[in-house]
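Here are a few exercises to work through at your own pace. Keep the viewer open and try each task before reading its solution.

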Amino acid sequence: MSKDQIFVAVTDFVPEKAFEYACKTAKAYNKEICLIAIAENSPTDSLAKTCSEKTDIAVNYIEGNCTDLFCETLEKEEAAMVIFEISNKKPFNNVSYLLKISRELRIPYIFVKDNFNEIKFDRIIVPITFLTEEREKGMFASAFGRFFNSEILLMTAKDYGSKATATCRSIKQLLDKHNLKYTDVEAKKDSYKVEMEAIQNANSNNADVAIITASREYGLDDIIFGPKELHIIKKSQIPLMVLNPRGDLYVLCY
C-alpha cells in the first residue's frame, strides 16, 4: 500500500460527500484513497471494492476498527489528510467525538456535510488571527492555489495589534512566490471571532472551502460548551480544513 494517501472515515458505508472530496483531491494531488473504519464490524474490503467501481483512482483500506488507535494508524500510514462527513448517522452525528479522536493528528482533517452541493475548490477563504501558527494556513492555501488554481481569500482579523497583519503579509509572500491569485476580504471581527465571521460570510464571498485552526488547549468553557471549532463546524455550509495548532504537527499534502 502506498503512503501519503487521502483517507476517508467510514463505518458500514462510505459517506458520499466525503468520498467526492477525496476523489477530487486525490486526482489533483495524484494520490490514492484509503478507507479507515471508525466503528465495529465495518466491511472495509467490500466497501473499497464498491468505491473502486466508481472511480479510476486506486481505493485501498485499513483492516479493522481503528478508533482506539486513530491518530497512530494515520501517522503510521503517513496519511496526507483524513475526511469526515457530518450526518445523522452514528458516529458522524457526534462532532465532539470526531474532534476528540483527531486531537493529536499531524495532518489536516476535513469536515464536509451530507447535504452539501457539489464540492468545489474555486475560492478558498482563509481567516487569519494573531496566533503564530496561523502561518501554517498559508502552506495549505498555497497547495489549493497550485493544484486547483484556487483564488485565495485572505480575511485578516481586525485587531488593535499588528500580529495578524504581519502573518497575512507572510502568507502573501508565499503565494506570490508561486504566482497565485489572492484577494483581501475585509473582516469586522477580531482574532477571537474572525473564523466564525468567515464561515457566516462564506456564501456572500462565494467561498468553497475554509481553513481554520483548532483550539490550542481546552479551557473550562471549552469543556462545558465545546471548543470554538465545534461551533464553527456545526454552522459551516462549506467544507472545513482543520489544522491542529502545534508547530511540529504538519506533513504537507503535496
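**Exercise 1.** Which residue in β2 does Val10 stand opposite?

*Solution.* The model you are looking at is predicted. Start with the two strands: β1 pairs with strand β2 (residues 33–37) in the parallel sense, over five bridges. Then look across from Val10, and you will find Ala37 of β2.

**Exercise 2.** Sort the residues of β1 by the way they point, and decide whether the strand is enclosed or not.

*Solution.* Begin with the directions: Ile6, Val8 and Val10 point one way, while Phe7 and Ala9 point the other way. Next, check burial, which here means under 20% relative accessible area. Five of the five residues of β1 (residues 6–10) are buried, so the strand is largely enclosed by the rest of the structure.

**Exercise 3.** Place β1 in its sheet and name the edge strands.

*Solution.* The open sheet has 10 strands in the order β3-β2-β1-β4-β5-β10-β9-β6-β7-β8, with mixed pairing. Its edge strands are β3 (59–65) and β8 (182–184), each of which pairs on one side only.

**Exercise 4.** Describe how α5 and α6 pack.

*Solution.* First take the geometry: helix α5 (residues 136–148) and helix α6 (residues 163–177) pack at about 30°, with axes 9 Å apart. Angles under 35 degrees count as roughly parallel, and α5 and α6 are therefore roughly parallel to each other. Their crossing is right-handed. Now find the contact: α5 supplies Gly138, Met139, Ala141 and Ser142, and α6 supplies Ile171, Leu174 and Leu175. By class, that makes five nonpolar, two polar and no charged residues.

Conventions: Residues numbered from 1 in each chain as written. Predicted model: local features only at pLDDT ≥ 70, side-chain atom pairs only at ≥ 80, totals over all residues. Heavy atoms only, no water. Axes fitted to C-alpha atoms, helices over the stretch in contact; angles between N-to-C directions. Helix = DSSP H or I, 4+ residues; strand = E, 2+ residues; numbered from the N terminus. Parallel < 35°, antiparallel > 145°, perpendicular 65-115°, else oblique. Left-handed = near helix turned anticlockwise from the far one by under 90°. Contact = heavy atoms within 4.5 Å. Nonpolar A, V, L, I, M, F, W, Y, C, P; charged D, E, K, R; others polar. Buried < 20%, exposed > 50% of the residue type's maximum accessible area, 1.4 Å probe, protein only. Pairing = 2+ DSSP bridges.
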